[in-house]
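Reader: I am new to this structure and would like to go through it by question and answer. Please show it before we begin.

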Protein chains: 2
Amino acid sequence: MDDVDCMLLTELQQDATQAYAALGKAVGLSAGAAHERVRKLREQGVIRRTTVDVDPAAVGRGVAAYVLVEANAWMGDEPVCAALEALPEVVEAHVIAGPASLLVKVRTATTEELQAALRRLFAIDGVTGTQTIVVLESFFERPVNAGA
Amino acid sequence: MDDVDCMLLTELQQDATQAYAALGKAVGLSAGAAHERVRKLREQGVIRRTTVDVDPAAVGRGVAAYVLVEANAWMGDEPVCAALEALPEVVEAHVIAGPASLLVKVRTATTEELQAALRRLFAIDGVTGTQTIVVLESFFERPVNAGA
DNA sequence: CGTGAAATCGTCATGAA
DNA sequence: TTCATGACGATTTCACG
């Protein structure tokens, strides 16, 4: 993980469809060398996968909210994780240190669906309360920058 | 945006490196037809870009935190957005309806760096307070699913 | 890490349903 | 319109220097 690898990651985050020749030129390497670097980054798990960034609003996920989930038991466990993952509206779930046990991110098409999702969160064993933070506007959501 | 497009999006989110032939087979289409569909999804902005998913811990961003930012003025404005975007540790910024004006996601290498980032958030004009939620463990962070 | 060759894939034209 | 087929050009990929 040197500076060249960082530049490769930045380039790939911006556009993973570009050819290795262009990628190599951007970081001062040949196509073959760039390819080999990227292959190793994948192997090491630094690059987890290549994916597409989908506009949430275009697929019926235009409403976003963060939900602080309070629970009466320790929830850093496997069954809770599975219960959350079973809800398609839940796109993130974190165990936190703070005013609640968990923080989950929910994405739905409408506020009615958001309400339905909250009901389903309540139904999970051990959940005693929720506090919902509705997102009005997202300034930006960007990938982690390796540099700086 | 029919069912086939949804399946294409799901496939591409899982692995955007696969060949159009494989992609087409997965959704019951020829390579050429799959290619044309994906081209249109890009054109329409449903697919914003193709990127790589980078392991945060591998690039010195292993510590995550959500910060509720309170302000004494309306902050849904351009200068605030720019000030936040100038901080490389800030990976997300949202205007919210809830107990604060903004919710920002911060990623750093260590808790010391997190502290430094909080100091810089305080320094932004109009910010009167912050409440920090440290992430202890992330169950999952997954892309929006077009289906369901 | 660069170069070159071989295999594979993306891309586009044509034609059909 | 939308899709399958086939051919061409570009790219990935690997062996060698």
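The turns below deal with the contact between two protein chains and then with the DNA.

Reader: How many residues does chain A bring to the contact with chain B?

Author: The model is a predicted one. Chain B puts 65 residues into this contact. The number from chain A is 65 residues.

Reader: What area is buried between chain B and chain A?

Author: Carbon and sulfur atoms give 60% of the area buried between these two chains. The area itself is about 6,000 Å².

Reader: How many salt bridges are there between chain B and chain A?

Author: One salt bridge joins the side chains of Glu92(A) and Lys105(B), with 3.8 Å from N to O. That distance counts because the cut-off for a salt bridge is 4 Å. The count between chain B and chain A is six.

Reader: Which element gives the most to the side of chain B that touches chain A?

Author: Across the interface of chain B and chain A, 37 residue pairs are in polar contact. On the chain B side, the elements that each supply at least two residues include α1 (3–14), β1 (47–54) and β5 (127–141). With eleven residues, the element that gives the most is β5(B).

Reader: How many charged residues does the side of chain B that touches chain A have?

Author: By class, this side of chain B has 37 nonpolar residues and 13 polar ones. The charged residues number 15.

Reader: Which residue in β1(B) stands opposite Ile47(A)?

Author: Strand β1 of chain A, residues 47–54, pairs with β1(B) in the antiparallel sense, over seven bridges. Opposite Ile47(A) in β1(B) stands Val54(B).

Reader: What share of the atoms of DNA strand C within 4 Å of the protein belongs to sugar or phosphate?

Author: The residues around DNA strand C include Ala33(A), Arg37(A), Gln18(B) and Ala19(B). Of the strand's atoms within 4 Å of the protein, some belong to bases. The share that belongs to sugar or phosphate is 88%.

Reader: How far is a phosphate oxygen of DNA strand C from an N or O atom in the side chain of His35(B)?

Author: A polar side-chain atom of Ser30(A) lies 2.9 Å from a phosphate oxygen of DNA strand C. For a polar backbone atom of Tyr20(B), the distance to a phosphate oxygen of this strand is 3.1 Å. For the side chain of His35(B), the distance from an N or O atom to a phosphate oxygen is 2.7 Å.

Reader: How many residues of the surface near DNA strand C are charged?

Author: Three residues of this surface are nonpolar and three are polar. The number of charged residues is one.

Note on methods: Residues numbered from 1 in each chain as written. Chains lettered and ligands numbered in written order. Predicted model: local features only at pLDDT ≥ 70, side-chain atom pairs only at ≥ 80, totals over all residues. Heavy atoms only, no water. Contact = heavy atoms within 4.5 Å. Buried area = accessible area lost by both parts, 1.4 Å probe. Polar contact = N/O pair within 3.5 Å; in protein donor to acceptor, adjacent residues only side chain to side chain. Helix = DSSP H or I, 4+ residues; strand = E, 2+ residues; numbered from the N terminus. Nonpolar A, V, L, I, M, F, W, Y, C, P; charged D, E, K, R; others polar. Pairing = 2+ DSSP bridges. Near = heavy atom within 4 Å.
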